[in-house]
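User: Can you walk me through this one? I have the sequence and the model open and would like to know what sits where.
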Amino acid sequence: MAEPKADIALIGLAVMGQNLILNMDSKGFVVCAYNRTVEKVEHFLANEAKGTKVIGAKSLEDMVQKLKKPRKVMLLVKAGSAVDEFVKKLLPLLEKGDIIIDGGNSQYTDTQRWCKELSSTGILYIGMGVSGGEDGARYGPSLMPGGHPDAWPAVKPIFQAICAKVNDEPCCDWVGEDGAGHFVKMVHNGIEYGDMQLICEVYHFMKDILNLHQRDIAKVFDEWGKGELDSFLIDITADILNFRDTDGQYLLPKIRDAAGQKGTGKWTVNSALEYGVPVTLIGEAVFARCLSALKYERCAASKTLSTATVKFEGDKDEFIQYLQRALYASKVISYAQGFMLLREAAQVNNWHLNYGSIALMWRGGCIIRSAFLGNIKEAFTKNPTLTNLLLDPYFSKHVSASQMSLRRVVSQAALCGVPVPTLSAALAFFDGYRSSVLPANLLQAQRDYFGAHTYELLNKPGEFRHTNWTGHGGNVSASTYNK
């Protein structure tokens, strides 16, 4: 039997898998490529990987035999049943100390399950979020590994070599136990949903309220990309707005306005509900995609339901400045909600998350790459126990200074009949979070009135009581609950 020479194996030769293999090869690692369809391995070796040190495998057994110990096998296959199938096939071929890495968009609960199931075997499991798209996979992705901590020293040299760098700092670090890596990636994707929807609403505002020409909207986004809103999504929005079809016309107006989704945004919202965290902006972004999918119903409703008759009569240049500040404030609020969810999940699952490190990893990720993630890293570095980004002096100052712009944008959109659900959610959360008193006292009274769910008095926190509101009800109360 030949001496094992591969540092790591990668299963799954779609574009992401191929680019990650080529990335690893370029950093000096020997990679063994495997795919369920063996012909795809042969094609990859004869074309994209020609002239590299990449080797192929004709079977899982062949692949395992070519790996140095501890064997490291990375999966880049469809989440769910495909991952489960490969893990089950790998288990009889591996031994104590070997490592399985799931680099797909798996639900964090799946990673938790496998970490628990493999704990008695000695085989180590990692669930790793991978961000950056095809280009990132080839030249530097953001990597978010979590799982069994004993696996980290063995994979750290590989992953920190191939990942993106910010000021020479690797955008890859150990996230935490069991499903922490995939949970962090899930929240990353949820924030991506929010960022994209916020940009779409600002575009909609400029197009249908300010009535700007598309070339002028493109110029606005191009200019914003040079300042505090600098981000990948702002940059590509300017490119999309400037792009012309083969007939010379702008392509964007020809694209059907019904958005798709793969589920990670929905997972974020479901987790927010499970953990009782008000991640409202991402929730509205997910529902905005659901509403957009009702294209035929919306077309029918547009002929029946009346619209607002208010027309914009203000200074357009001034309102573009309002939009810029409103977008910045809303993005900060979205990230604040995302980190609230991370903190709550970490407490429940006993994950030891480093939020400054997470901000650095996200900054290296292609999709939500954003300049102010550096400020987020600094905020958590200065104060690791920071409960909310809005309480950090830097962000508190900037969001407070931008709140009137956000109010002007949301109110003008409402008057003109243009929907801005995520901008509105950002403002509602800001006003709710800064309020020392909310009308939940009435809500608690209502719950106690119709369901005897009890309430607390301000001067007696922790003591739950029930009132016989009608005079003919009973004195027995239902069980209390907080979420």
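Analyst: Here is a run through the sheet, the cores, one helix contact and a few single residues. Keep in mind that this is a predicted model.

User: Start with the sheet. What is the strand order in the open sheet?
Analyst: The open sheet has eight strands, ordered E3-E2-E1-E4-E5-E6-E7-E10, and the pairing is mixed.

User: Which strands stand at the edges?
Analyst: Strand E3 (55–56) and E10 do. Each has a single partner strand, so one side of each is left without a neighbour in the sheet.

User: How does E7 pair with E6, parallel or antiparallel?
Analyst: Strand E6 (residues 124–131) and E7 run antiparallel and are joined by six bridges. Within that pairing, serine 131 stands opposite serine 142 of E7.

User: And how many bridges join E7 to E10?
Analyst: Two bridges, and here the strands run parallel; E10 covers residues 176–177. Glycine 146 has glycine 176 in E10 as its bridge partner.

User: Is E7 mostly covered or mostly open?
Analyst: Mostly covered. Strand E7 spans residues 142–147, and six of its six residues are buried. Ser142, Met144 and Gly146 point one way, while Leu143, Pro145 and Gly147 point the other way, and all are buried.

User: What lies across E5, E6, E7 and E10?
Analyst: Helix H8 lies across these strands, running at about 15° to E6.

User: Staying with H8, at what angle do H8 and H18 cross?
Analyst: Roughly 110°, with the axes coming within 8 Å; H8 is residues 180–208 and H18 is residues 421–433. An angle of 65 to 115 degrees counts as roughly perpendicular, and H8 and H18 are therefore roughly perpendicular to each other.

User: Which residues make the contact?
Analyst: On the H8 side, Gln197, Leu198, Glu201 and Val202; on the H18 side, Pro421, Thr422 and Leu423. Sorted by class, the contact of H8 with H18 has four nonpolar, two polar and one charged residues.

User: New topic: the inside. How many residues has the largest nonpolar core?
Analyst: It has 87 residues, and those with the most contacts inside it are Phe221, Trp224, Phe339 and Trp362. Helix H14 (residues 316–349) gives the most to this core, with 18 residues. As general background, nonpolar side chains tend to be buried together in soluble globular proteins.

User: What is tryptophan 224 in contact with?
Analyst: Leaving aside neighbours within four places in sequence, tryptophan 224 contacts Val202, Met206, Leu229, Asp230, Ile234, Ile320, Leu323, Gln324 and Leu327. Val202 is also one of the H8 residues in the contact with H18.

User: What does the second, separate core include?
Analyst: That core has 33 residues, including Leu22, Ala49, Ala137 and Leu143. Leu143 also belongs to the buried set in E7.

User: Now single residues. Where is serine 405, and is it buried or exposed?
Analyst: Serine 405 is in helix H17 (residues 393–416). Its relative accessible area is 3%; the cut-off for buried is under 20%, so serine 405 counts as buried. Not counting residues up to four places away in sequence, serine 405 touches Tyr322, Arg325 and Ala326.

User: And leucine 251? Where is its place?
Analyst: Leucine 251 is in the loop between helix H10 (232–242) and helix H11 (264–275). Leucine 251 counts as partly exposed, at 28% relative accessibility. Phe243, Arg244 and Asp245 are touched by leucine 251, not counting residues up to four places away in sequence. Isoleucine 240 is eleven residues from leucine 251 in sequence, and their C-alpha atoms are 8.1 Å apart.

User: Any backbone oddities? Which residues does a cis peptide bond join?
Analyst: Lysine 69 and proline 70, with omega about -5°. Proline 70 is in the loop between helix H3 (60–65) and strand E4 (72–75). For background, most peptide bonds are trans, and most residues other than glycine have a negative phi.

User: On that last point, what is the phi of aspartate 168?
Analyst: About 70°, a positive value although aspartate 168 is not a glycine. Aspartate 168 is in the loop between strand E8 (165–166) and strand E9 (169–170), and is exposed, with a relative accessible area of 74%.

User: And the phi of asparagine 350?
Analyst: Near 60°, again positive in a residue other than glycine. Asparagine 350 is in the loop between H14 and helix H15 (355–364), and at 52% relative accessibility it counts as exposed.

Methods: Residues numbered from 1 in each chain as written. Predicted model: local features only at pLDDT ≥ 70, side-chain atom pairs only at ≥ 80, totals over all residues. Heavy atoms only, no water. Axes fitted to C-alpha atoms, helices over the stretch in contact; angles between N-to-C directions. Helix = DSSP H or I, 4+ residues; strand = E, 2+ residues; numbered from the N terminus. Parallel < 35°, antiparallel > 145°, perpendicular 65-115°, else oblique. Contact = heavy atoms within 4.5 Å. Nonpolar A, V, L, I, M, F, W, Y, C, P; charged D, E, K, R; others polar. Buried < 20%, exposed > 50% of the residue type's maximum accessible area, 1.4 Å probe, protein only. Pairing = 2+ DSSP bridges. Core = buried A, V, L, I, M, F, W, Y, C linked by side-chain atoms within 4.5 Å.
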